[in-house]
Every structure is written in C-alpha cells, then in structure tokens.
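Colleague: Got a minute to go through this one with me? I'd like to hear the reasoning behind each label.

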Amino acid sequence: MALKDCPECGKQISDVAQSCPYCGYPINPPVIRSQPMLPKPKRHNGCWIALIVVVVIICLIIGLLSYLAAGIDLDSDIELNEEGKPLVAYNCAEDYITKNLNLCSPAKFPDDKEKKEDALYLINGMYHISSWIETKDSAGQKIRFEFTCTVTITGDSGECSQLMLMLE
C-alpha cells in the first residue's frame, strides 16, 4: 500500500482511501455501476383469463341445458311416448329404406318388440332409430346392414318425415 498526497490539503494519505481522512476530499470514490432500467415484470394474468374462460363455458353449458329443459315437460313424457309411436317411427324408417334402396332381395327387419326397443324418443316427436336389415346380395349371400335414422312424427295421424339415414 503506497502513500500519496491529497490534492485538496496536501497531506499524505493511503492510495486505496476513498476520501482524505483529514479534509474529506473524495480521492477514489466508489464506482457505482448503473444497471439499465428493466421494465417491471408484468403480473401474470393468465390464471385469471383461464378462470374467466372456464366460468363463461360453465355458464354457457348451464344456459344451454336450461334452455333445452324448458321445452321438455317431464309430466307429458307419457303422452309423447305413446305405445304405438315408436313402432310408427320405425315403420316410417322401414318404408323409406325399402322404397329408396335398391335391394336384391326382400329385406328382413326385426320383429315389432325389437323395433320398439330400437326407436329411442328424443324430443318433440323425434325418434332416433338404430337397428339392422338383413337381405341377400346378387350371389345369394346373406348381408346384414346396421343403420341409424332420425324420424319425426307429426300430428295425430302419425305422418312422418325422414331427417337422416346412415347405413353401415
């Protein structure tokens, strides 16, 4: 450690001193390194956004279920699902299939009991039918098709309209 003269008072001081101990003149002021100003980190709002999205989706689901439930009168389910209506719906689908498909031989459908079980009541006279047809191809081989169909029964006369038919 060496000695040097203070530029202010001229007394001998240490060369590592930060200021003169006699007059207080700054000799080797501490170096303050400035760091660049970093922007404040943003608060993570991702959790709040995810929470809001989940709440909105739940509200939409509840609203949709309430809307659908408002149109269904559980007490009137017996009237809408009368004994003959599932069979009427199935027979409409059967008529549609036999008239519109070019089958090589007469088609065989399930018996009436199974037809009633295959016709599921949806809403407002609409039935979803999931069943099968058996027929033979041109070589005489037995073929079984699975099909789904949506049928709507309108009015007391049992008029029906086909909405969709899918063969598998």
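Modeller: Sure. The protein chain exposes about 12900 Å², and carbon and sulfur atoms supply 59% of that; accessible areas come from the Shrake-Rupley method with a 1.4 Å probe, and for residues only the protein chains shown count as cover. This is a predicted model, where local features need pLDDT of at least 70, side-chain atom pairs count only at pLDDT 80 or more, and totals for chains, interfaces and linings use all residues. Residues are numbered from 1 along each chain as its sequence is written, and side-chain values use heavy atoms, with hydrogens and water left out.

Colleague: What elements does the protein chain have?

Modeller: Four helices and six strands, running β-β-α-α-α-α-β-β-β-β from the N terminus. Helices (H or I, at least four residues) and strands (E, at least two) are DSSP runs, numbered from the N terminus.

Colleague: Why is there no disulfide at Cys6?

Modeller: A disulfide needs a pair of cysteine sulfur atoms within 2.5 Å. The closest cysteine sulfur to that of Cys6 is in Cys20, at 3.6 Å, so the gap is too far for a bond. Cys9 is in no disulfide either: its nearest cysteine sulfur, that of Cys20, is 3.6 Å away. The structure holds zero disulfides.

Colleague: Are Cys6 and Cys9 buried or exposed?

Modeller: Buried means under 20% relative accessible area, exposed over 50%, and partly exposed in between (1.4 Å probe, protein chains only). Cys6 has 3%, so Cys6 counts as buried. Cys9 has 33%, so Cys9 is partly exposed. Across the 168 residues of the protein chain, 22% count as buried.

Colleague: What makes Ser14 buried?

Modeller: Its relative accessible area is 18%, which means Ser14 falls under the 20% limit. Ser14 belongs to strand S2 (residues 12-14). A polar atom of the Ser14 side chain lies 3.2 Å from the backbone nitrogen of Val16.

Colleague: And how do you know that Tyr67 is exposed?

Modeller: Tyr67 has a relative accessible area of 63%, over the 50% limit, so Tyr67 is exposed. Tyr67 is placed in helix H1 (residues 46-70).

Colleague: Which residues make the nonpolar surface patch?

Modeller: Ile49, Val53, Ile57, Ile61, Leu64, Leu65, Tyr67 and Leu68 make a patch of about 810 Å². Patch residues have over 30% relative accessible area and no salt bridge (a side-chain nitrogen of Lys or Arg within 4 Å of a carboxyl oxygen of Asp or Glu); like charges are joined within 9 Å, nonpolar side chains (Val, Leu, Ile, Met, Phe, Trp, Tyr) within 5 Å.

Conventions
A polar contact is a pair of N or O atoms within 3.5 Å; within protein, one must be able to donate a hydrogen and the other to accept it, and residues adjacent in sequence count only if both atoms are side-chain atoms.
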